[in-house]
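These are my notebook entries on a single protein chain. I record what I looked up, entry by entry.

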Amino acid sequence: MSILLLCVACGREKPPLEFAPSPSIIEKALIFKLEYQQESLSRQLRLKKPNFIIKKINVTKIEPTIVFNLPTYHLEGTYKVKIKQNTLKNVLIDNTFNLDLQRQSRGKTWRILLKLEGKKPLEYLSYLIH
């Protein structure tokens, strides 16, 4: 019985907030997610992919957890994105974000986890953030 309690207690361990992603990692993750979402649309419309510039990131919620035995941080907040495209004027948009960022085992790199909708059990696509 005590071993079972220890296993359950270990499963509830959360990574410390001081290891949460830095603003530069959050910015790179937001740009990645925007480019990922825009890629298919740009291809279908035969448009050049726009450049995104992130401004004023405001994290309103951080939830540390463990996913695949690695520290993961669910982040929510707001940001401004400037979209630069040759055919359009530069546009500044207020936007919200919802990210899952995972610190890798040596702590030097991060991955963005994109949830696959409708999958039970929950599945992710995982991409390295450069």
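**Entry 1. Salt bridges.** I looked first at Glu63 and found a salt bridge with Lys61, with 3.1 Å between the closest N and O atoms. I noted Glu63 as partly exposed, at 36% relative accessible area, and Lys61 as partly exposed too, at 34%. The model I am reading is a predicted one.

I then searched the whole structure, and the search returned three salt bridges. One of them joins the side chains of Asp94 and Lys80, at 2.5 Å from N to O. This pair links distant parts of the chain, since Asp94 belongs to strand β3 (residues 88-103) and Lys80 to strand β2 (residues 70-85), 14 residues apart. I recorded Asp94 as exposed, with a relative accessible area of 57%, whereas Lys80 counts as partly exposed at 25%.

Asp100 and Lys115 also meet through their side chains in a salt bridge, at 3.7 Å from N to O. Asp100 is in strand β3 and Lys115 in strand β4 (residues 110-115), so this pair ties together parts that lie 15 residues apart in sequence. Is Asp100 buried or exposed? I found Asp100 buried, at 10% relative accessible area; its partner Lys115 is partly exposed, at 38%.

**Entry 2. Overall layout.** I counted two helices and five strands in the protein chain. Read from the N terminus, the elements follow the order α-α-β-β-β-β-β. The chain has 130 residues, of which 28% count as buried. I noted an accessible surface of about 9,400 Å² for the chain, with 54% of this surface belonging to carbon and sulfur atoms. Among contacts with a separation of 6 or more, 51% are between residues 24 or more positions apart.

**Entry 3. The nonpolar core.** I next examined the largest nonpolar core. Which of its 21 residues touch the most other members? They are Leu99 and Leu101. The elements that each give two or more residues to this core are α2, β1 (51-67), β2, β3 and β4. I found that α2 gives the most, with six residues. As background, I noted that nonpolar side chains tend to be buried together in soluble globular proteins.

I listed the contacts of Leu99, leaving out residues up to four places away in sequence: Ile26, Ala29, Leu30, Lys33, Tyr73, His74, Leu75 and Ile112.

**Entry 4. Thr72.** I turned to Thr72, which lies in strand β2. Its relative accessible area is 1%, so I recorded Thr72 as buried. The side chain of Thr72 makes a polar contact with the side chain of Gln102, at 3.3 Å. Setting aside neighbours within four places in sequence, I found Thr72 in contact with Pro15, Glu63, Pro64, Thr65, Val67, Asp100, Leu101, Gln102 and Leu113. This list brings back Glu63 and Asp100 from the first entry, and Leu101 from the core.

**Entry 5. Asn58.** I looked up Asn58, which is in strand β1 and counts as partly exposed at 41% relative accessibility. Which residues does Asn58 touch, not counting those up to four places away in sequence? I found Glu76, Gly77, Thr78 and Phe97. For Gly77 I also checked the C-alpha atoms: those of Asn58 and Gly77 are separated by 5.5 Å, with the two residues 19 apart along the chain.

**Entry 6. Backbone angles.** I noted two residues with positive phi. Lys56 has phi near 50° and is not a glycine. Lys56 is found in strand β1 and counts as exposed, at 65% relative accessibility. Phe68, also not a glycine, has a positive phi of about 55°. I located Phe68 in the loop between β1 and β2, where it counts as exposed at 59% relative accessibility.

**Entry 7. A nonpolar surface patch.** Last, I looked for nonpolar residues on the surface. Leu17, Val59 and Ile62 form a patch there, and together they have about 230 Å² of accessible area. I placed Leu17 in the loop between α1 (2-11) and α2 (23-45).

Technical notes: Residues are numbered from 1 along each chain as its sequence is written. This is a predicted model: local features need pLDDT of at least 70, side-chain atom pairs count only at pLDDT 80 or more; totals for chains, interfaces and linings use all residues. Side-chain values use heavy atoms; hydrogens and water are left out. Patches are made of residues with over 30% relative accessible area and no salt bridge: like charges are joined within 9 Å, nonpolar side chains (Val, Leu, Ile, Met, Phe, Trp, Tyr) within 5 Å. Accessible areas come from the Shrake-Rupley method with a 1.4 Å probe; for residues, only the protein chains shown count as cover. A salt bridge is a side-chain nitrogen of Lys or Arg within 4 Å of a carboxyl oxygen of Asp or Glu. Helices (H or I, at least four residues) and strands (E, at least two) are DSSP runs, numbered from the N terminus. Buried means under 20% relative accessible area, exposed over 50%, partly exposed in between (1.4 Å probe, protein chains only). Contact means heavy atoms within 4.5 Å. A nonpolar core is a set of buried Ala, Val, Leu, Ile, Met, Phe, Trp, Tyr and Cys residues joined through side-chain atoms within 4.5 Å. A polar contact is a pair of N or O atoms within 3.5 Å; within protein, one must be able to donate a hydrogen and the other to accept it, and residues adjacent in sequence count only if both atoms are side-chain atoms.
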